[in-house]
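Trainee: I am new to this structure and would like to look closely at a single part of it, namely the aromatic rings and what is set around them. Please take me through it slowly.

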Amino acid sequence: MKAQSEELFVCFHVNGEASGRRSNLTIRAEKRERERERESSTGHRCFSVYFSSPIPEVMLEKQLTGHRVDRSICAWFWDQADSFKSFPVIASPTHYLFQIVRDGITFLACTQVEMPPLMAIEFLCRVADVLSDYLGGLNEDLVKDNFIIVYELLDEMIDNGFPLTTEPNILREMIAPPNLVSKMLSVVTGNASNVSDTLPSGTGSCVPWRPTDPKYSSNEVYVDLVEEMDAIVNRDGELVKCEIYGQVQMSSQLAGFPDLTLSFANPSVLEDMRFHPCVRFRPWESHQILSFVPPDGQFKLMSYRVKKLKNTPLYVKPQITSDSGACRVSVLVGIRSDPGKTIESITLSFQLPHCVSSADLSSNHGTVTILSNKTCTWTIGRIPSDKTPCLSGTLALETGLERLHVYPTFKVGFKIMGIALSGLRIEKLDLKTIPPRLYKGFRAQTRAGEFDVRL
Amino acid sequence: MPPPAASSRYPSPSQPSGKSEVTDLKSQLRQLAGSRAPGVDDSKRDLFKKVISYMTIGIDVSSVFGEMVMCSATSDIVLKKMCYLYVGNYAKGNPDLSLLTINFLQRDCKDEDPMIRGLALRSLCSLRVPNLVEYLLGPLGSGLKDNNSYVRTIAVTGVLKLYHISASTCIDAEFPATLKSLMLHDSDAQVVANCLAALQEIWSLEASHSEEACREKESLLSKPLIYYFLNRIKEFNEWAQCLILELAVKYVPSDSNDIFDIMNLLEDRLQHANGAVVLATVKVFLQLTLSMTDVHQQVYERIKSPLLTLVSSGSPEQSYAILSHLHLLVVRAPFIFASDYKHFYCQYNEPSYVKKLKLEMLTAIANESNTYEIVTELCEYAANVDIEIARESIRAVGKIALQQYDVNAIVDRLLQFLEMEKDYVTAETLVLVKDLLRKHPQWSHDCISVVGGISSKNIQEPKAKAALIWMLGEYAQDMSDAPYILENLIENWEEEHSAEVRLHLLTAAMKCFFKRAPETQKALGIALAAGIADFHQDVHDRALFYYRVLQYDVHVAERVVSPPQQAVSAFADTQSSEIKDRIFDEFNSLSVIYQKPSYIFTDKEHRGPFEFSDELGSTSITPEVSSDIVPAQQFEANDKDLLLSTDEKDDNKGLSSNNGSAYTAPYESSNISSQMQELAISGPAASATTTQSSFDFDDLLGLGLSTAPAPTPSPPLLKLNARAALDPRAFQQKWRQLPISLSQEYSVNPQGIAALTVPQSLIKHMQSHSIHCIASGGQSPNFKFFFFAQKEAEPLDYLTECIINSSSAKAQIKVKADEQSTSQAFATVFETALSKFGMP
């Protein structure tokens, strides 16, 4: 028995809707005899990577190992029913497929050997992140216009099926991002390559996330606390679950080899933290101090969770009564506990039940839109001081239905600048050696994550 | 870059629409190839881009290979990269042309710029053309010694690529040894990680035929090396950390200090930003502490929080992968997660694959303390817009009800569902109420009053309808209009499409008849008549059976059809604990996602003959073999079969220990009491002999061999049943269950090889020796067969996998047998039969 280990192939393809063109395709399963010993499958290898867009079409394909994966695997994938296809891990007759969907683009990786599923999914997420970082977003045209860069990136991110560097800072040194300047230059001089001339020094550095010696005339470092609140309010208006998922995002442009420490005024509110590799573990364990040499540019320093919050800043009181084929709806939104800063961009959206044939909804503040897919969005903005925003109106049910049996769930959106709802506060940020002209900045904001109000 | 013509987008490697463009490109490239005019690189770049974009969308542009190579003599690095990409894609198909590229790649390997050196080396190794390996050795050797770590990293991976093209060349050049010293001494972490990955792969592939490689493979797991990696783990990037953690999983710690040292070293990895690292660490922790129960529990506590955070912080895809693993842990230790139930509440926007897993978790962790909250939450989903989730959540409520002792509140909730008047909610609930009544008949009063109010007309789903009919039959005495509802249903017999419903109707009519004969007699008559005339075999048989039993004796019929109600104490678990344990051993792998141990879905060994026959391709299939194709297609269903079979097993266990106790217990006790009597009479010594003798008696009945004299050296001649029969599914199941009792290699005589042009020739031959083929496949020179045979007069099977290589004239067989002791005898028969193959 010949053991066949580590192979993984990645394909990025676009999320498939049925299309007339793909009718007479059949998949021929690969007839290769591939035997495998579990013991020996030490590494993980993607065979190939595909990107594809909303119509079933392969935008980009990269084969990673000697074992070629036939593209027909994508056709097989598209032919699957939607309910089956949506799973992140799928077993096809010949391969295991991992997929993630980002902005309508499906990233697909195939492998034939056992590997940690999360590793493949994480890798695809990184690929998506790096690409959207490089291309300034993700969509079909962007990928197609820049596919050479995508290939270059993939080349450096994964070799022979095993992930190498996914750190954006390092990649940026190897492959220059496409930007207006380089495009201009190439027009003017006809000689700009999007490959930087220098070799990534970070690959040789003992701090893999940082280039060896970046130079800046002015040194700047910004810390952002970004929190998202997830909450569920049940039918009786009780807060069933309320927690905050927060991130400390940093943007650092510091010359040399800066050593930073960041401390919080009240680290005890934090429940479970995850750190960027640059954070030293011991100082946190003993004194709850973040000590680190930052990567250059933007990065996520840590993420954390704060459980069991007592209150949401907003209340939403929906009411639906239905009788003899018509429903009356009224929804009130107001401030429950004042966070001390203005609550902005308040929105409320919900899906009208299928059995609703028409809806007539209006509000005393903000705008109400109902899309053809029966999604209703109420944009409130800020809560006015003189009245309580109220959405009211009637829903007509399909003929034959007396009462409403399926109730919508209201999704609430909001944003509060200048405050972290968890109460977490940054105490100070110190540098071991203070460079000339140093600017430090701190910001905080909270927004709604998954804030569901059920009815 | 304009998108290519729509018609050529998909899938079309050979569609004509791309052809004219390709010829066009070809001539343009040719013009540029020799040109040294300024700005020529730009035009080349445009053309290259076009070529690669065609390649990307699947148009075959291999025909411009020569032109591409000619154009690649340039100093422009983007052009080079594009050319490398192109060449890498097509070199395999054009070995002759790729010789051209070797030249310029080799030159680039000596470039001043380390980036070009690296890229060139990577492309060179990716050509994968076997007859060009000699050109790889030089550049690889110098690449491994390069002073730039980027080049070394690529060279190390290059060695692995070389190994896959030509293992012997790689070994002869002693690259593994070089990699080993690099792994131990290189300053760059990525180089070290790549060395580790490459060496693991090379040595485990070599291990099968080289003792030295086997030793080297073992040495990777030695204590100093493991600590060498673990101590430096922070220097590695996240993916390399995963690699090291996986190596650490296989390490066998020497003592408990060792275990704690490793856990201390790795504890902060649980807070890594990369979920893959966290999960790999969790696996190390779980595996290390398996033998230490207390610590193992603490590990659960420790890993709980990082995992829960990962679930809520990542993308839905990441959440899914982590939830699958959490599910495994939750099932193993529900009490640890019992207080965290709120983490598994479904958010509206989550994809349904995440919601489904969360529902399963909620079901698993429900206990006395949190049932109320969980059921309340689940009930809210029942009104969910997503119908599939609504159904799942009702089922979840039902499962919780069946797990719990205090079901009072839950029954009320279930009955409330019935009042929602949504057809799918009602349907799911009816099925649940039926199960609940089977387990807790004491609730019949409450349930029946509500169920009685449901109009059977509103229920369309067969399962729900069957459940309702079952209740009508079972509780006919409590529901005043049961006979009339049944009568109504029976009158519409023709419109009832589901056989399951018709079967239930028959049974319910019978049960109702025994309880309320006068009201039901007519309906039963109609039902039996309609049933006997039914085209469905099962329905027909059951109706006929009822009819005859009734004719024979009504009382007997009642005893058979409507025995006194017995509460079902436990429903069959979907998975045996053995399987769960196996999945747990494979933590952080695909097994967890599929909730099946990997041998079921990956191992060819266990897929057995069916998978293989699927791989035959259509070329060698003749009618004989094609009959085996059917089971091959059933493979999908096979996974379920295994689960089913364990179900049955559990079911049986349940029967014998619980439900069946009414029958077995008195028997056993009488047995014991008789022994007790003997004991009283003859004293302790005598009783010992009686039990002893009874054991002997048992032995003689079943396992006579243990007391039989030692088997004689020459195995007795084995007689095989010439008409043995075994269906493919049973074969597969056996093949999976039985251990290999014998594995041998024979040489096949030349006449045999000559006769073995197609697999069928051997199959016929073996059949004449009472060895039957169940599946076969392969093409010259490799053939693979699965045979089975049965011992004459005894239902003992011998299963054989036989691989014949006609070029080396060797046959390898693996035998699995019901009766291990005679497998040698069978092998002899097999060999004799095989040796006669091809003889006139």
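Which residues do ring pairs link into a cluster?

Mentor: The cluster consists of B:Phe785, B:Phe787, B:Tyr798, B:Phe826 and B:Phe830, which are joined by ring pairs. The model is a predicted one, in which local features need pLDDT of at least 70 and side-chain atom pairs count only at pLDDT 80 or more, while totals for chains, interfaces and linings use all residues. Residues are numbered from 1 along each chain as its sequence is written, chains are lettered from A and ligands numbered from 1 in the order in which they are written, and side-chain values use heavy atoms, with hydrogens and water left out.

Rings of Phe, Tyr and Trp (its six-membered ring) pair if their centres lie within 6.5 Å, and their planes count as stacked under 30 degrees apart, edge-to-face over 60 and tilted for the rest. By this rule there are 18 aromatic pairs over all chains. One of them is edge-to-face and joins B:Trp470 to B:Tyr475, with 6.4 Å from centre to centre and 75 degrees between the planes. B:Trp470 has a relative accessible area of 16% and is therefore buried (under 20%, whereas exposed is over 50% and partly exposed lies in between, with a 1.4 Å probe and protein chains only). B:Tyr475, at 3%, is buried as well.

Rings also meet charges here, and a charge sits over a ring if NZ of Lys or CZ of Arg is within 6 Å of the ring centre and within 35 degrees of the ring normal. In chain A, the charged end of A:Lys317 is placed over the ring of A:Tyr315, at 4.8 Å from its centre. In chain B, it is the face of B:Tyr348 that has B:Lys355 over it, 5.7 Å from the ring centre.

For the wider setting, chain A holds an open sheet of nine strands with mixed pairing, in the order E12-E14-E10-E9-E24-E22-E17-E20-E19 (strands are DSSP runs of at least two residues and helices, H or I, of at least four, numbered from the N terminus; two strands pair if DSSP finds at least two bridges between them). Strands E12 (272–275) and E19 (367–370) of chain A stand at the edges with a single partner strand each, so one side of each is left without a neighbour in the sheet. Within this sheet, strand E10 (residues 239–253) and strand E14 (residues 297–306) of chain A run antiparallel and are joined by nine bridges, and A:Gln247 stands opposite A:Ser303 in E14(A).
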